[in-house]
Each structure stands twice: as C-alpha cells, then as structure tokens.
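Here are some exercises to work through with the model open in your viewer. Try each task before you read its solution.

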Amino acid sequence: MTGALLAAAQAPASAANLISNPGFETAGTDGMPQCWEKSGWGDNDFTIGATADAHSGTKAMKVAVTRRVEGDRKALITESAACAPAVTADSQYDLSLWYKSTTPDASITLFRHDATAGWQYWTDLKTLDLSGSYAQATVRTPVVPAGTDRITWGVSVYGTGSVTTDDYAMAEVVPPPVDPVCGGTTEQCAKGKWDVLPTQNPVRSMHSVVLKNGKVLLIAGSGNDPAAFAAGTFTSAVYDPVKGTYKTIPTPADMFCSGHVQLADGRVLVMSGNKAYPTADGKVGYEGLKDSYLFDPDTETYTRTNDMNDGHWYPSATVLGSGDVVSFGGLREDSTGSVTAEKFSAAQNKWLPMNQVNQTWSYWGLYPSMILMQDGRLFYSGSHVFGDGTPGSGASVYDYDANTITDVPGLQNKDQRDQSASVLLPPAQDQRVLTMGGGNVNSNPEGNRLTDIIDLKQPNPSYVAGPLLPQGTADQGAGAKPETGAQGKMYVSAVLLPDGNVFETGGGLHDRADPVYEASMFDPTTNAFTPMAPDPQKRTYHSSSFLLPDGRVMSTGDNPGNGTWNHNVSIYTPPYLLKGPRPSITSVINSQWKYGDTQRITVDRPIAKAELIRPAAVTHSSDPNQRFVDLPMSVINGKTIDLNVTSNPNLAPPGWYMLFGVDANGIPSVAQWVHLGGPTALDATASAAHVHGFAGDLAASAKSPSAKRTSVPVSTTVSGCDRHYGTVNVCVPTVFPGTVKATTKARCAWLASHGYGRLRVNGKDDPLRLDPDRNGIACRS
C-alpha cells in the first residue's frame, strides 16, 4: 500500500479538466444537464435541476430539500462510461466546484466503479460552508483503490435548504519522483524489527490504555494473583514512552479483567473487575464487581463513579457518537452471566438507572466485540473471550434505539472464534470489519487461521472468507517448530497503523499455552497479508499490543496456564520507519476540532494523506473502539493543507485523537494530539451528521427483547480451567490438546513440559486422573 501513496503536489493550472459538461451548458433529459443525474434516498421532499443562477455561462445546478425526515439528495456525474471520468488505480485527483449554499448540511460525495463489484459509495470528502455568494471548494481524493476504473462525484444535501453549484473541475495530481531509502538491513526494511526494552513492566498488566498525553496506563489490579487479591494489593502503572520510565499508581479496586474506554474529555472510564476468584473446589466461579472508576491523565489518579446496575467481569465498552458509553456481557456478582445492558451518560457523568437503558435481556458473553457503525447501530463481530459466544449466526447488528437484534451470516466456524481479534478496517468511512483467528477454550482445538471480512455498506451485509493468516512457529513445550496445515492462533493482537495497514502479532496455538511466533501486515486495499518479523517474546493470554504516538507498536504481557508472568516489553518498529526521514506536522492551527470543520495544518514537506487514529484501550485481543478516520485534504500548497473533518460523530466519536500525516513512501509523522468534539447546540451554522442508509435491508428477521430475566447460567469452567488442581491462578485445562492422550502419563508429561511444577489436588475429586496414588499432589508418582 505504501507504494501506492502519491505526494500532495498541486496539479498544474493547465491540467486537463476530466469532467464532461462541467458548467451544465448542454441540456440532457429529465430536466438534468447532459452527463448529470439525480440520486439520493430516504423520506424527504426535494427538487433537483438546472437553474439560471450561474457562476459563469448561463446554467448551474440546484439541489433543494424542503422537508426531511431522513436520507439525502444528490446531483452526481452520471454513472456511465460516457460521462464518469476514467481514473487510474494508485492515483489521486484534485476536485473543485463553485457553489452557493443556504444549508450547513451539504457535502462533496464520491462514488467509485469497481470492475468486479460495480458502482458503490466511496466517501464524503468535504462539508460545504454556508455561502450567500459563489465560493470555490477544493478537495483531493484518497488514493484510488485497486480495481477502480471510474469515479463519479457531486453534492449531497442532507438537511433542509439548497446548494447551487457550477464550474466543476477534476485533474490528476502529478506526483514528484519517489526515492525510497533503507535505514536498516534489507530484512528489517521489508519486515520491521523488534527491540526488547531493558526495563521491565513493573506490574502484571493486562489492560493497556494510551492516554491523551501519549503516556500509557497499564492496569493490573490483582494481576491474576490471588495472593495480591487477598492482601488488597491492586496496581497500575503509567509508562512514558519518551522517557522510558514507569510510575506505579495507587489502584483502589481489583480492576483485573475490567472494561475501559476513553471519554470525550480524555479521562478513562474503568468498569467492573474482579469481586472474587473461584473457590478451590470449583463450585463458584469468578464474580464481577459493580464498581466503576475514572482515571484522570492530568492528575494520574482514580476517582469512583456511581456503581453499575450489575456486576460485569469481562464487560464490553463501546463509546457512542454522543460520547455516552454502552456496556454488555460479563459475569455478575454471583458468577452467572449478566443480561443487563449498561449506559454511562457523558452529560450526567454517571451510569444510568436500569429503567433508563434499553434492555433486550440478551447474554452477549464475555468481552463481546461491539463496534459502532456509521448510523449509530452496533455490530457484534462474533469475537469474544471464553466459550462459544452467543446463539445465532455468530454476528449480529444491534439497534439500540429500536432495541432489536438482527443476525448477520457468514462467519466461519463461529464457535471457534474465542480470543479472535476484530477491527474496523482503515478508513472507518469504508465500514469494513476484519475478524482474525480464534479457538475455543471449552473444546481446546488448535487456534485457527481463519479470517472473515464484512462490508457494512452493503444493503444485506454478510461475512465473506478472507485470506488465511500466515503461519509462523509454535512452541508446544519442545521448542519452536513451523506451523503446518490449519494451525493458526488465538489471543491475536491487531493494531491499526498510520499508513493504513493492520499489524497483527502474538498469539497461542491452544488456550493459555503454546506461543505462536508470527506477525503480519494486512493491507485493506488488496485484502492480503504480508509476513513481518515476529515478536521474540511469548505473547499469549493477557498480552496486548497497541500503537504509540511515534508510530511504533508496544507489546506487553503473557500469562500462560502455569501462572507465570512475562514482564518483558517489546517495541516493534514497522518498515515505514526504516525508509528514510519522516515528515513533520509543523503546526496545527487549532487543536480543538468540531464535526464538519476544515482545519489547517502545515507540514515540512508534502504529504499524501492525513488521518485521525483513536488511541488504544485494549485487553484480551479486544479494542472495539480502535478506528482510523480519513481526513480528505484540500492542498493550498505543498506545505499548507486544509483537513476536512467528518460531520458524523459515529465515524469518529468525540475525544482525543492522534493526528498523523503520511508521505509518499507511507512514512508517518509523529502524531499531534487534537480534540474532536462539539459542535455546541448553540452553533446554528454547524453541520448535522451525514448518515448513509447502509445495511438497511438485513435478510434475517429482527429479534425483539426476550422476556425479562435476571441472568443466565454460566459454567464455572467458562475459562477452560479445572480448579481441582493447583492455585486459582493456575489453569489446568479441562480439555487437553488433541495430541495429548487421555492418560495420566500423557497429561502429566504435558503439564511438566509447560512448566506447571507441583500441583496440589483441591479436595477429593480427581476428574483428570492426575493423582492415581491419592497422595494429594498431581503427577507425583
């Protein structure tokens, strides 16, 4: 993908205009100029057609909406070979038009023709300001995706009012020559490199949150250590990537296996956690807290909020376009499954009472991956932690306002996607989700190589099979050996990078065991993986990987079933940081952004694209709020650029973001922090959200709420661990890998090869037959 990026050089004034009938002077049919057509959707009243109110010549085009409930109306270049401009893949184009507008709710909208899939929406490029006289709007397209041969574009009106346009222009951007250099070995420049830091992580962190100041909050709570829990020793640390230092933070509760998300003001909302560990006899499982806290990055302290309505050990946490947070799933205070949906009100700064939150009484499982869609609905991707997930097809769309759930088909092996990773692919405007890998802690098969991709822009979206994950080496207790056949991994970490690729790393072949040394880069434009250098450290259960503001990736943690913990921290330098000097954002005129804004930056040399990346809040392979939001550019000159901010907060929920500029070689700048919020209700000129009618024709029937219930039964072995053996933080598998014979000798040999050591038998039961001589110690002959 990096080779496809073209530098942001301004097209020469003499460049040929690629638009047919750009001034509307030639009449066509249906009251429209030749090579222009009406488009749009929804419940609204409108008129579209030629007008004499021209910028030049005698004709212009006017789109007027007089009544609107939903949808938009557009005037676009006709979708035909005779009218739609031909384009070249990997190129960019500068678009411009002259316009007058009586509504803030209008944008330049772009469609593309795929040689295989036909015409489809591409993106909104720029929100048009109110203007009583003719003004010029200019904007640059993103890089044209492979397979695209033509584009069409024009103006969308999605509020009441009118927009009159004239004198359209389109010219291909002329790229300067690209001269890549290699700042490392040939291998490093192709696959990146890893460095293991000399200083270890001081806490057993399994939760990683990148803060608005670029530091990293590492939450351990008791760190899966029952002794620390009994002593009330709960820990967190703040890591400073610039200084390479850690600061231990007093932590008020056991946030072990909590949920977390950044609020609009940059504080971190931490919900639930561990009320109690399972009992030694295994009759009672983990218990979830109702507690909730806010972490303030400025003071580096926790403060308590009101309690949630229910306990939620392993809850989801998804921020909405309103800034509110919704949470589902997890285990209650009595170890049963929670069916209580929770909502944190940003305006009231508290969890709402249950009677103010829509309830379907559904059990979503543990850490269900709930991704915010562009229209405010939630997509449950089928990724979760522990168990088979929820009934149905494995994926679904939840409409909070309508309070309905609609299953979505196509997810492969839906009951073997435990500890898979799901990400909203770059850019968020494309509305495509990738799900990778996974397994099942109940049956404990080998982790799989499966990937699935869904395009939520389709009327009736369905997952389709993606390319298989690349294979690396797996250590099953006798040294690392190449993976074969269908062997893949669970505990996958997935990181969105500023060049628009997805970096996946870490994982294990079985539940909490058998680390897989493999990493790869997924290119959303080609739907292909490229193998990268693997992390030299084991990264399975309780590991996490995430993007730092300098464009590197940090990986931490590993907590195998024998109860040990890896405190080593790895830093991955992607290939783009070894290709030569990086560009720099030399100024951000305003760091406080509103939706629909145009924001000016300066750079030290031309860039090809810019984007916002939401900072990570990741645990257990799950970060449903991770997203990469494209910022279409209006290039003033090579070093002064206006960035066009989406009008839709569902694409970029309010909060602090990392702003990256990326050059022609795919090399990103160091991020600058900007805050996206507003507009305020008093700002009458502010644009409304441009929401599209995607995924509006789901084939499955929408399911209404079930009968009200308190909870659902959940097995005390939901985590895949047999509590009859060892301490509570040791996980002897309820089901051993398929290669292990069901004999005492074979099972004990597996435990020995995986470093379990001496294991006490808890009580008189010995379901795995590990203590045949009945001396109370497993595997001791």
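Below are five exercises, each with a worked solution.

This is a predicted model, so to speak with its cut-offs: local features need pLDDT of at least 70, side-chain atom pairs count only at pLDDT 80 or more, and totals for chains, interfaces and linings use all residues. Residues are numbered from 1 along each chain as its sequence is written, and side-chain values use heavy atoms, with hydrogens and water left out.

**Exercise 1. Place the two annotated domains and describe their secondary structure.**

Step one: go to the UniProt record, an unreviewed entry, which puts "domain: Glyoxal oxidase N-terminal" at residues 236-562. UniProt also lists "domain: Galactose oxidase-like Early set" for residues 582-675, again from an unreviewed entry. Positions follow the numbering used here, feature names are shortened, and annotations may be inferred rather than shown by experiment.

Step two: check the content, with helices (H or I, at least four residues) and strands (E, at least two) taken as DSSP runs numbered from the N terminus. Residues 236-562 come out as 0% helix and 36% strand, with end C-alpha atoms 23 Å apart. For residues 582-675 the values are 0% helix and 46% strand, and the end C-alpha atoms lie 24 Å apart.

**Exercise 2. Work out how β6 and β7 are arranged.**

Step one: find the pairing, which requires at least two DSSP bridges between two strands. Strand β6 (residues 106-114) and β7 run antiparallel and are joined by eight bridges. H113 sits opposite W119 in β7.

Step two: look at the connection. The two strands make a hairpin, with three residues between them.

Step three: ask how enclosed β7 is, calling a residue buried under 20% relative accessible area, exposed over 50% and partly exposed in between (1.4 Å probe, protein chains only). Nine of the ten residues of β7 (residues 118-127) are buried, so the strand is largely enclosed by the rest of the structure.

**Exercise 3. Describe the surroundings of S107.**

Step one: S107 lies in strand β6, and S107 is buried, at 2% relative accessible area.

Step two: the side chains of S107 and T109 share a polar contact of 3.4 Å. Such a contact is a pair of N or O atoms within 3.5 Å; within protein, one must be able to donate a hydrogen and the other to accept it, and residues adjacent in sequence count only if both atoms are side-chain atoms.

Step three: now list contacts (heavy atoms within 4.5 Å). Leaving aside neighbours within four places in sequence, the partners of S107 include D124, K126, G154, Y158 and H690.

**Exercise 4. Which strands stand at the edges of the five-stranded sheet?**

Step one: write down the order of this open sheet, β15-β14-β13-β12-β50, with antiparallel pairing.

Step two: β15 (245-250) and β50 (617-618) are at the edges with a single partner strand each, so one side of each has no neighbour in the sheet.

Step three: go inside. Strand β12 (residues 207-210) pairs with strand β13 (residues 216-221) in the antiparallel sense over four bridges, and S208 has L218 in β13 as its bridge partner.

**Exercise 5. Is V569 buried or exposed?**

Step one: locate V569 in strand β45 (residues 569-573).

Step two: with a relative accessible area of 1%, V569 is buried.

Step three: check the neighbours. Leaving aside residues within four places in sequence, V569 is in contact with residues including D195, L197, Y246, R539 and M554.
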